[in-house]
Amino acid sequence: MSVILPKNAQAVIIGGGVVGCSVAYHLAKLGYTDVVLLERKKLTSGTTWHAAGLVGQMRSSLNLTQMVKYSGNLYETLEAETGMATGYRRTGSISLATNQERLTEYKRNASLAKVHGVDVQILTTDELRDKVNLFNLDDVVGGAWIPKDGKADPANVAMALAKGAKNNGVKIFEDVKVTGILKKDGKAVGVQTEYGDIQSDAVVNCGGMWAREVGKMAGVSVPLHACEHFYFLTSAVPNMGDMPVVRVPDESAYYKEDAGKILVGLFEPNAKPWAQNGIPEDFCFDQIQDDLDHCMPYLELAMNRVPVMESLGIETLFNGPESFTPDDNFQIGESPELGNFYVAAGFNSIGIQAAGGAGKYLAEWIVGKEPPCDLWDVDIRRNEPFQNNKIYLANRVTETLGYLYENHFPYHQYETARGLRKTPLYEFFKERGACFGEVAGWERPNWFVPKDLIGKVEAKYEYSWGRQNWFDFHRLEQQAIREAVGMYEMSSYAKIRVKGSDAMDFMQMICANDVDVGVGKMVYTQWLNRKGGIEADVTVTRLEIDDYLIVSGTMCLNRDMHWLKKNLPEGANCSLFDATSAEGCIAIMGPNSRDLLQSLTDTDMSNESFPFANVRNIEVGMANVRAHRITYVGELGWELYFPIEFSSYVAELIDSKGEEFSLRQIGMHTVDSCRIEKAYRHFGHDITDEDHVIDAGLGFAVKLDKSPSKFGNFIGYDSVKAKKAAGYEMRVMQFLLSNPEPMLYHNEPILKNGEIVGHLTSGTYSHTLGGAVGLGYVTCLPNESHEDILSAEYTIEVEGIIEKASASLKPMYDPLNKKIRN
């Protein structure tokens, strides 16, 4: 059969599952009249057709919650628009807790739901019996009821979206496989197929479990891997009627009514990767060989949970593939490796729930050339290239499939696919009692067992929503930073070098602060988008006239490199390269840091000779070191940079000499808690691309009066100028709970005079301040005085309980920066 394809299109979408159909539908709604969708076999034939179709209301962030709420609202209206039923019904959902830690998670989610405008009710066991009378609740301690959760027919949702897309001009072709991606000047310009090429302004990878392979054709990493995914279907239940979707995450299962039968789906913690050597070429509406032995433990739990199942029997055991990602979040956005190549894939079994909103948001991203809101949790730029390795993925997804139903404890660390990225100091820290966490694959000490307990206490997390097993160790680390001196490693932090005769002009255009400073000077700055939102939060050091070093968060390397490349003016004499692995970095922080370093070098480390935000090349023992006087913990301190091969020598020397100055090894959890005590912002939590730099309280780092570069004013200049004239709409405030017992993590609601006005963006326990402390945004009037803002009564809701809090617009710790600059 010959297929005649268009030669040109505004956008080509690869993949005809529910997400691809949604992107096509929404692009057409936004006025793209020339969209082509290509499906290798038949629409819905990969994963969509056998999805469970659960459509929940609640996700972990405001924007993702709005995304899934939109999906449900859309599915309710599609039949009227297209004439095709989606089978969507708001049956509500129940989540059962069989232990107090799980119930605590539900209570925290219910508190956050109030901020998001979602009705989540915590019910007692007796209240639950009225809603789920088929279920054995003998060991249930409570649960959560979400009345507006629903379910839909997945294939019908996709077909309705496809019809809506066609009605608005989208051309859909089945049985057309994309064989290559056309590229020119670092951008995608079309696709190759067996029936000819299509030139296109944008290419959208909605390939589902094939998305990784589609990405490889484009030179783009799309880390995901298929897993076997099981569900059981019972025979018919007499007089069953409808019932809410019921989740029992402590037993890795959900239950839903399906045509008068009970469907039991599994999210087991020991999942089975599938098709590591490639998905069969002819895979279409197929299923995988079942595995009763693998599923039997969960089937036995289900029969105990729903006793009627013992008399019904199992009519079907279904095994179908689903794709999962390394962190259980999906992949969306423009790829950092190839311009105009967009991705929406890896939905980790929430594809139906997310598809409507994900299609809308990605379509807006494509049309607007920037994210419509903060989507960092799911932004494809968060990934590292190594995560596209199939062996790494096969190891990790054995865990991420089940993590969907794990208790999402604070500070959780994945256990699989670990140990890949280690600095030369890994064994050094391990010997000193480190408990490691992982960020972007890097193994980093998060906390330390004290010296006198090494060998007696295991350096391993014992998770809880309360005080975890390292709580007292954290107190010792905080005390060291605040009262003596602490040492921690920063080698994993992103380091980017910008070099060339146009480096200064380019950086002046990128940075909101003035980086035309003397050699050896450091500048704290943000990179802004045209709306004044924060794209990056970095320090910039001028190492030479035409050589700058950018230091950013570990997770931000790909994002920051992408922003630089995307905004590099054509013809600029400037080169960019990733220097992360070229240099090691150790931070020495605390009141004794100067004396410790002075004992190791003949360079004058005094404030007069070595002031804040300056850089000096110094000798530390036999090592040549570049010392940066800067801090992220709010204390006198230095970051020491050196060739990576010097790492062990420098660390051992400092550690040995440090005993005289009460040096303690410090983990990343303490670094984070110290920065929250000081009200320092963290990118991805307190500041994002939709938070205006002025509202974020960072106007001091913006210089409207700096000389424009040869490439013009800095990006976001007009927005900042207008905002400074108009005044604040939001203020970042710091909150300290009066009750020293509760823990804050982030997302807890902020109440002003008894009304919810926001939520905490960061939270921690401050041993220095004597209680849990957090940061969050509160709305204000443009010219509202500090006194008026602070005159209100502020409280924080923690697990459904309203806790009194003191509030401040200034850092509660060292508000005048005396410790930093002396």
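Which residues touch the most other members of the largest nonpolar core? In this predicted model, local features need pLDDT of at least 70, side-chain atom pairs count only at pLDDT 80 or more, and totals for chains, interfaces and linings use all residues. Residues are numbered from 1 along each chain as its sequence is written, and side-chain values use heavy atoms, with hydrogens and water left out.

The largest nonpolar core (buried Ala, Val, Leu, Ile, Met, Phe, Trp, Tyr and Cys residues joined through side-chain atoms within 4.5 Å; buried means under 20% relative accessible area with a 1.4 Å probe, protein chains only) has 52 residues, of which I13, L27, Y75, F330 and L362 touch the most other members. Two or more residues each come from β1 (8-14), α1 (18-29), β2 (35-38), α2 (62-82), α5 (154-167), β11 (196-205), β18 (341-345) and α9 (351-368). Helices (H or I, at least four residues) and strands (E, at least two) are DSSP runs numbered from the N terminus. The most residues, nine, are given by α9. A second, separate core holds 30 residues, including F428, F436, F448 and L636.

The axes of α1 and α5 (lines fitted to C-alpha atoms over the stretch in contact, with angles from 0 to 180 degrees between N-to-C directions) lie 8 Å apart at an angle of about 30°. α1 is therefore roughly parallel to α5 (under 35 degrees). In the contact (heavy atoms within 4.5 Å), V18, C21, S22, A24, Y25 and A28 of α1 meet V157, A158, L161, A162, G164 and A165 of α5.

How values were computed
Buried < 20%, exposed > 50% of the residue type's maximum accessible area, 1.4 Å probe, protein only. Parallel < 35°, antiparallel > 145°, perpendicular 65-115°, else oblique.
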